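Thanks for making the time, everyone. I would like to walk you through one structure this morning, taking a sheet in one chain and then a pair of helices in another.

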Amino acid sequence: MNAENSPPDSPLVIRDMTVAYGRKPVLWNVDYVSPSQKLIAIVGPNGAGKSTLLKAALGLIPRQNGEALFFGQPYQAVRQRVAYVPQRSSVDWDFPISALEVAAMGCYGRVGWFRSVNRDAKNTALAALEQVGLGDVARRQIGQLSGGQQQRVFLARALAQDADLYLMDEPFAAVDATTEQSIVSMLQALRDRGKTTIVVHHDLQTVSEYFDEVLLLNLRLIAAGTVSEVLTPQNLKATYGGQLSILDAVGQRMSARQSVTS
Amino acid sequence: MELLTQILQALSTWCLIDTWMVVMAALVAMACAIPGSFLVLRRQSLLADGVSHAALPGVVVAFLLSGLLPAGSGWSVVILLAGAAVSGILASILIEQLKRLRTIHADTALGIVFTTLFAVGLLLLRTLADRIHLDPACIVFGNLEVAVVETFAGTSLPIGVVVALVTLVLNLTCLWLFYKELLISTFDTVFAESIGIAASRVQLLLAVLVAVTIVGAFQTVGSLLVLGMLVIPPATARLLTYHFPSMILLSMGIGLFSAVMGHILAISLVGPLLASIGVDGIEAVSTSGMMVLVASGYLLLALLLSPEYGALSRLGQQMRTQMRIAEEDLLAVLYRLEEAGRQVSTKDLSSLVAESTGQPAWRIWAASRQLIRRGAMSYEDHHYVLTEIGRQGGRQIVRAHRLWETFLAQRLGLRPEQWHDNASRAEHYISSELRHELSNDLMRPDQDPQGRQIPPES
């Protein structure tokens, strides 16, 4: 799919977006149209601009050029249909606040300025925590939770937002294998309920296992589409340059996968 | 005894002025706790320092304007606080603009804006010195004693008390209205932005609250010590609770008690105390100084006694761990002796444990008392005998030790002389799940690398 024949209700359309930090461009002219109801990975080496792509699309950092439309509208108009999960390392986990209070923040967008958080929000937050398996630690201070549990608190907050598009920045960073599996099944459950999820992901090995679609990024968009279309040796080489060991590993997996499917 | 009499005597001269001073100081301290809690959590304590400087031009202009009004009118108070708020807004906007240039870092922008505004204020103050009655020393150090003497015309209500009350009410109102926004933007700025709560607006709100609070406190504690009241009570409360609303309430309580205790100590304790060491003629010291000292005293107490961060609880935890290790060492040695079919007297056992583990004799004695009390071993005829509970405990430690030695040898490839000491430390931290995992990982060995049997889990 490309920008010209995009359906009007595509969850995310990025047109000619360029982002620069100071004078150094970190993303060049990205054009992307996301499909609906898919699990999508953004993959690329360190410093490729993966997190920047999400933040710039949401307007959290200024765009030098281009625009991003969510469900055919600018972000401000459809905030409540979009949930963003920042990197876990972006907050102070010693903060005096409970898992329940963090999850309840997912309802703040609907509550509006001047209004306080009501009982409904607390109930929604508790339900979201139970969904990620943290119902019994809801009242605990977040610093007492393990890294994997903290990541799931963030996911619960996103679930409480009850959005149609979820944008997640490295939800698998520094979590154990069990947590990774439970997060993956949560994401798949979201997709099965008709939601779209775009995830910044750093592990090329698991892309084909977890995701439907992939977006290869390295300062520019290299390729986007279904996993089997996009993860070709040429595309990976363009993305990862000289890192041949990774390429070899993935190439092997890819060829194994192809021989299974064909 | 004589000291106590003198203290009571000093307190017996308590009058209405003292009451007003305490009320004013307490109101200021409670007002400070609200923006202060956010500053501490946002790691922006220095913002308060900056705002206290940046507020000067606003204060000078406000004084100039209020000079046009009849003395003793309530409007001068409003003008003063509004002047502070305008300064706070101006400073915040300038900082945001400077940061946007990206060539100047946030901390540098803070330094530039605040000192520049202070310089403007200073020039204004000097130029207008004849027309306004503003004593710079009073602003810097505060003068509670004088502040309570100025009353509204025709009443005995001090203007300063009303200023402090207005500040407190303003802070409480903003806390009530914007609690959600302040909290979320402080905890997770990026997420707050993503749901439409702009960090710059929240920052602006906080800067205004800080500016108004500081100016409201100029006369009470002065522009220097007010920083202490903004930061110390919340920092203390932070050590004592994990619940944010409690943290704010606790900071307010600590502020209140600091004010009350500060004034009582200032008028009663210091004079007699100095007299007792031969320094006469000092009746009372600055209440504002004493108030901040008392707050620091509470912080010190919290550092010692806090359940989570306190030095005492850490010491206690350390001692409990040491005791657990001593008990486990004792059980493991008894288990090994039993394994070898030996029995030694309690005295020999103690020296054996002391020698192999480096535990001091008193702790080994205490550990043996504890183990007998828990029914892990019994004392029979000059030696200890393991009960089934104790044998189980010893077996698990020995199992952990030998599994770990096997792991060190096979997986890490360490030399034999490196095995024992390492395993002696690690054995106390290997839980039953870890033992299970280790055993599976090593293909369920039944002997350690030195050929000794690895006992089963139970």
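**A sheet and a helix pair**

Let me begin with a single pair of residues, since A:Tyr84 stands opposite A:Leu167, which belongs to strand β6 of chain A. Please keep in mind throughout that this is a predicted model.

The strand β5 of chain A pairs with β6(A), which covers residues 165-169, and the two run in the parallel sense over four bridges. Stepping back from that pair, we find an open sheet of six strands in chain A, with the order β5-β6-β7-β3-β8-β9 and mixed pairing. At its edges are β5 (82-85) and β9 (221-226) of chain A, each of which pairs on one side only. From one strand to the next, the twist averages 15 degrees. As general background, the strands of a sheet pair through backbone hydrogen bonds, in either a parallel or an antiparallel way.

Across β5 and β6 of chain A lies helix α5 of that chain, made of residues 147-161, and its direction is at about 170 degrees to β5(A).

Now to chain B, where helix α8 (residues 159-187) packs with helix α12 (residues 244-268) at an angle of about 160 degrees, their axes being 13 Å apart. Because angles over 145 degrees count as roughly antiparallel, α8(B) is roughly antiparallel to α12(B). The crossing of α8(B) past α12(B) is right-handed.

Which residues of α8(B) and α12(B) meet? From α8(B) come B:Leu168, B:Leu172, B:Leu175, B:Tyr179 and B:Leu183, and they meet B:Phe244, B:Pro245, B:Ile248 and B:Met252 of α12(B). Sorted by class, this contact between α8(B) and α12(B) has nine nonpolar residues, with no polar and no charged ones.

How values were computed: Residues numbered from 1 in each chain as written. Chains lettered and ligands numbered in written order. Predicted model: local features only at pLDDT ≥ 70, side-chain atom pairs only at ≥ 80, totals over all residues. Heavy atoms only, no water. Pairing = 2+ DSSP bridges. Axes fitted to C-alpha atoms, helices over the stretch in contact; angles between N-to-C directions. Contact = heavy atoms within 4.5 Å. Parallel < 35°, antiparallel > 145°, perpendicular 65-115°, else oblique. Left-handed = near helix turned anticlockwise from the far one by under 90°. Nonpolar A, V, L, I, M, F, W, Y, C, P; charged D, E, K, R; others polar.
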